[in-house]
Amino acid sequence: MKIGDVAPPQTLANEALEYWLQKVAFLCLIWPPAESQGTITKIDMAKLTKRDIVVSISNQTGMVQHQVFDVVQKTLDKITDSLANNIPVELRNFGVFLPRLTRPRIGRNPNQPGSSFVIPSRATVKFKAGKIMRQRVEKLSRQLKEADERKVKVGVGAHAGE
């Protein structure tokens, strides 16, 4: 397209959507929610919902939550559609979603010990974490282990004093 040419409205909408998808994906990677920036323990862990993501991105970018929700939903829809069409999805520094077919296996009914049946193969999604995610989760693993060790030491000290 040359300068001065007018792009069809659909092309402009697709380019705008692609721009915002890239911006939202980037922000999700570099700005974790404020509540997750401290040390995480098993007690204060809660699940992150789509609503939490929308609110966090909206607060960080100044965009309207309605617009952010549309971008997040369209991103998830695009990922789902690609996987449903047997197309792997690679998100750099995050991970790769790979559609795969499980092998058929033998199942047994615990209520009828003598009977067995074949569980057919089915399509599932495998996720392989990217380098940055893997490193950050390993860091969390070390923090949780240290917190668990401190808890055990405190518990042992309390039992010894009785």
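User: In this predicted model, what is the strand order of the open sheet of 3 strands?

Analyst: The model is predicted. Its open sheet of 3 strands has antiparallel pairing, and neighbouring strands are turned by 20° against each other on average, direction ignored. Within this sheet, β1 and β2 (residues 95–101) pair over 3 bridges, with Leu91 opposite Gly95 of β2. The strand order is β1-β2-β5.

User: Which strands stand at the edges of that sheet?

Analyst: An edge strand here has a single partner strand, so one side of it is left without a neighbour in the sheet. The strands in this position are β1 and β5 (123–129).

User: At about what angle to β1 does α3 run?

Analyst: Helix α3 spans residues 65–84. This helix lies across β1, β2 and β5. Relative to β1, α3 runs at about 140°.

User: Is Pro88 buried, partly exposed or exposed?

Analyst: Pro88 is found in the loop between α3 and β1 (89–91). Beyond its neighbours within four places in sequence, Pro88 is in contact with Phe97, Leu98 and Pro99. Its relative accessibility is 48%, and the partly exposed class lies between 20% and 50%. Pro88 therefore counts as partly exposed.

User: Which residue in β4 is the bridge partner of Ile106?

Analyst: Strands β3 (residues 105–109) and β4 (residues 112–119) pair in the antiparallel sense over 5 bridges. They form a hairpin with 2 residues between them. The partner of Ile106 in β4 is Val118.

Conventions
Residues are numbered from 1 along each chain as its sequence is written. This is a predicted model: local features need pLDDT of at least 70, side-chain atom pairs count only at pLDDT 80 or more; totals for chains, interfaces and linings use all residues. Side-chain values use heavy atoms; hydrogens and water are left out. Two strands pair if DSSP finds at least two bridges between them. Helices (H or I, at least four residues) and strands (E, at least two) are DSSP runs, numbered from the N terminus. Buried means under 20% relative accessible area, exposed over 50%, partly exposed in between (1.4 Å probe, protein chains only). Contact means heavy atoms within 4.5 Å. Axes are lines fitted to C-alpha atoms, for helices over the stretch in contact, and angles run from 0 to 180 degrees between N-to-C directions.
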